Amino acid sequence: MKAKVAINGYGTIGKRVADAVSAQDDMEIVGVVKTRPSFEARIAAGKGYDVYVNSKENIDSFNKSGMEVRGTIDELLDKADIVVDATPGNLGEEYKKLYQKHRVKAMWQGGEDHALAGFSFNSEANYEDALGLDFARIVSCNTTGLIRVLYPLDKKYGIRKARVTLMRRAADPGDIKKGPINALVPDPVKLPSHHGPDVNSILPDIDITSVGVKTSTTLMHLHAVNIELKETCSEDDVISLLGERPRIMLINSKDGIKSTAQVMELAKDMGRPRGDIWENIVWKDSVSFDRGELYLFQAIHQESDVVPENVDAIRAMLGLEADGGKSILKTNKALGITA
Ligand code: NAD
């Protein structure tokens, strides 16, 4: 029997997780929660997802627009083994009480604090620690992208210190409220940014400091990563280590991929749903050592890199697969990730 997954918050992340769950053979979507009868709600219903509302007061607006809803979130939670909460940040505390009332396992996204779930998840770094947990948090797109690079490097060569500059997209492409901006915005002005401590919620022993700048783009984030390793290795060693990772795609600027715009074009040409890139995109020709320190550039697709991690976390928390490596490969195969 397939595990039953509910999605609360069917927006940028929620709708992608719903489709990724549906692509797996050991789990299925039992319903998604919407607040309004938006185009996303209609498309969800068209895809065959049962649509539920977040409160009784909102049922009227669905009825008036001619959209059928299956019930309220309370009814959905009673049918689910686990709920993926992808509501906007800071609603988590309130919803946690509801999930506890319905005795359903729950996972949140990076907009919530680590303390809410008490456990932050990354598929390669700590899958086995999530086995059977009731609550977990999938760290943000940026933190996920950083851990995918830092974890294997630390495991193989040891990291003495990591210093990261995050050039962040100012908003998601559909988020007209936040953009466009015609500026580069130090964010936050007071250094360092929260991304270093967030990495430490999963890899507590890494000495990492980060700074962030909001940029006039909606496409992707770009990370400039500088690492001092404990053991000596070559550029080729780093390239082959990262190239073997299940969710890192190495690209080369010589192939004409010189920017995040061309990475997005690559995703579309690959036929990826919504033009998503679930993997970190590391420029192979950026991997360099200068005065003993490692440097590289990577691009992170903010809307989708956390999606496969959500699927793996469901598998771990429900005990569907004990081996993290196997879950990663299973998720990747179902999504078509061949990195
Ligand atoms: P979003 O605004 O695109 O989607 C949130 C959805 O939740 C919307 O459909 C909204 O209508 C719905 N919603 C609002 N109030 C609700 C309520 N009370 N009950 C149920 N649903 C409600 O947001 P998002 O970008 O998908 O972000 C969701 C979470 O994922 C946040 O924690 C965010 O920090 C995190 N995250 C976002 C990104 C990204 O780039 N978008 C990347 C990684 C993690």
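A polar contact is taken here as a pair of N or O atoms within 3.5 Å. With that cut-off in hand, the ligand site of this predicted model is a good place to start. An oxygen atom of the ligand sits 3.3 Å from a polar backbone atom of Gln302, so this pair falls inside the 3.5 Å limit and counts as a polar contact. Two side chains add to the picture. Arg169 places a polar side-chain atom 3.0 Å from an oxygen atom of the ligand, and for Lys34 the corresponding distance from a polar side-chain atom to a ligand oxygen is 3.2 Å. Taken alone, the ligand exposes 820 Å², and the protein buries 78% of that area.

The shell around the ligand holds 21 residues, and Thr12, Ile13, Tyr95, Arg169 and Asp172 are the closest. Arg169 thus appears both among these closest residues and as a partner of a ligand oxygen. By residue class, the shell comprises seven nonpolar, eleven polar and three charged members. Where does the ligand lie with respect to domain 1 and domain 2? Residues of the shell come from both domain 1 (3-139 + 306-335) and domain 2 (141-300), so the ligand lies between them.

Attention can now turn to the open and enclosed spaces of the protein. The second largest pocket contains about 180 Å³ of space. Its lining is made up of 13 residues, and those nearest the pocket centre are Glu124, Tyr151, Lys155, Arg245 and Ile328. Helix H7 (123-126), helix H8 (141-157) and helix H13 (324-335) are the elements that supply two or more residues to this lining. Of the contributors, H8 gives the most, with four residues. The lining of the second largest pocket splits into five nonpolar, three polar and five charged residues. Because domain 1 (3-139 + 306-335) and domain 2 (141-300) both give residues to the lining, the second largest pocket, too, lies between them.

How many cavities of 30 Å³ or more does a search of the whole structure find? The search returns one. The largest cavity holds about 50 Å³ of space, and its lining consists of Asn122, Ser123, Glu124, Arg148, Arg245, Pro246, Arg247, Glu309 and Ile328. In terms of class, two of these residues are nonpolar, two are polar and five are charged. Domain 1 (3-139 + 306-335) and domain 2 (141-300) each provide at least three residues to the lining of the largest cavity. Glu124, Arg245 and Ile328 line the largest cavity and are also listed among the residues nearest the centre of the second largest pocket.

A few backbone features round off the description. The peptide bond from Asp187 to Pro188 is cis, and its omega is near 0°. Pro188 belongs to the loop between strand S10 (185-186) and helix H9 (195-200). Another cis peptide bond links Leu191 to Pro192, with omega at about -5°, and Pro192 is likewise placed in the loop between S10 and H9. Elsewhere, Arg103 has a phi near 50°, which is a positive value in a residue other than glycine. This residue, Arg103, is located in the loop between helix H5 (92-101) and strand S6 (105-108).

Technical notes:
Residues are numbered from 1 along each chain as its sequence is written. This is a predicted model: local features need pLDDT of at least 70, side-chain atom pairs count only at pLDDT 80 or more; totals for chains, interfaces and linings use all residues. Side-chain values use heavy atoms; hydrogens and water are left out. A residue is near a molecule or strand if one of its heavy atoms lies within 4 Å of it. A polar contact is a pair of N or O atoms within 3.5 Å; within protein, one must be able to donate a hydrogen and the other to accept it, and residues adjacent in sequence count only if both atoms are side-chain atoms. Accessible areas come from the Shrake-Rupley method with a 1.4 Å probe; for residues, only the protein chains shown count as cover. Ala, Val, Leu, Ile, Met, Phe, Trp, Tyr, Cys and Pro count as nonpolar, Asp, Glu, Lys and Arg as charged, and the others, Gly among them, as polar. Domain bounds come from an automatic or database domain assignment. On a 1 Å grid over the protein atoms alone, a cavity is a set of points where a 1.4 Å probe fits but cannot get out, and a pocket is an open set with protein on both sides within 12 Å along at least five of seven lines; lining residues have an atom within 4 Å of a point. Grid points are joined across faces, edges and corners, and a volume is the space filled by probe spheres set on the points.
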